[in-house]
Amino acid sequence: MKKVTGLGGVFFKCEDPQKMNDWYAKNLGLEAGEYGATFKWCELDHPSVKGATAWCTFPRDSEYFNPSVKPFMINYRVENLVALVEELKKDNVTIVDEISEYDYGKFIHVLDPEGNIIELWEPIGDLE
């Protein structure tokens with residue numbers, strides 16, 4: 001079973017998210033809106049298959065990364081999240097929450113051996 005198919009996003013905490021967003025916009029041309037920045041792309045071998053990778057700042061006191069105490073979270077794109085979660089459970093991987101479903105995909109959070117929070121995302125359809 002194919003597991004991770006790509007990078008879905010990079011998220012990190014900072015003291016002043018707006019100041020950080022402004023710095024990235026001014027110095028690196030990374031324009032971020034309310035939900036951060038989105039890098040749109042298509043698969044090299046299948047150009048009709050489109051996707052997106054997110055970049056977003058969070059306030060230092062955000063609880064979204066809990067129970068991890070690390071100031072970052074990486075989101076990985078996956079195929080068949082339900083089957084993957086069953087495999088992870090068999091390997092005693094710490095599953096933080098239940099699968100959540102939205103219009104744009106399914107999500108779940110797990111912890112790696114060092115307590116880093118990982119967001120797993122099974123996208124639904126092309127992201128344009």
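Leaving aside neighbours within four places in sequence, which residues is Ile108 in contact with? They are Leu81, Val85, Ile95, Asp97, Glu98, Ile99, Ile118, Glu119 and Leu120. The model is predicted. Ile108 also belongs to the largest nonpolar core. The points below cover the cores, the strand pairing, the cysteines and one loop residue.

**Nonpolar cores**
- The largest nonpolar core has nine residues in all. They are Val78, Leu81, Leu84, Val85, Leu88, Ile108, Val110, Ile118 and Leu120.
- Three elements give two or more residues to this core: helix H2 (81-90), strand S7 (105-111) and strand S8 (117-123).
- H2 gives the most, with four residues.
- Another core, of seven residues, lies apart from the largest one. Phe11, Phe58, Leu111 and Ile117 are among its members.

**Strand pairing around S1**
- Strand S1 (residues 4-14) runs antiparallel to strand S4 (residues 72-78). Seven bridges join S1 and S4.
- S1 also pairs with strand S3 (residues 50-59), here in the parallel sense. That pairing extends over six bridges.
- Phe12 has a bridge partner in each of these two strands: Phe72 in S4 and Thr57 in S3.
- In a regular strand, side chains alternate between the two faces of the sheet.

**Cysteines**
- The disulfide count is zero.
- Why is Cys14 not bonded to Cys56? The sulfur of Cys56 is the closest cysteine sulfur to that of Cys14, but the distance is 9.0 Å, so it is too far for a bond. The cut-off for a disulfide is 2.5 Å between the sulfur atoms.
- Cys56 is likewise in no disulfide, and its nearest cysteine sulfur is that of Cys14.
- Is Cys14 buried or exposed? Cys14 counts as buried because its relative accessibility is 3%, and the limit for buried is under 20%.
- Cys56 is buried too, with a relative accessible area of 9%.

**Leu30 in a loop**
- Leu30 sits in the loop between helix H1 (17-28) and strand S2 (37-42).
- Leu30 has a relative accessibility of 12%, so this loop residue counts as buried.
- Not counting residues up to four places away in sequence, Leu30 touches Asn21, Tyr24, Ala25, Ala37, Phe39 and Trp55.
- Leu30 and Cys56 are 26 residues apart along the chain. Their C-alpha atoms are separated by 11 Å.

How values were computed:
Residues are numbered from 1 along each chain as its sequence is written. This is a predicted model: local features need pLDDT of at least 70, side-chain atom pairs count only at pLDDT 80 or more; totals for chains, interfaces and linings use all residues. Side-chain values use heavy atoms; hydrogens and water are left out. A nonpolar core is a set of buried Ala, Val, Leu, Ile, Met, Phe, Trp, Tyr and Cys residues joined through side-chain atoms within 4.5 Å. Buried means under 20% relative accessible area, exposed over 50%, partly exposed in between (1.4 Å probe, protein chains only). Contact means heavy atoms within 4.5 Å. Two strands pair if DSSP finds at least two bridges between them.
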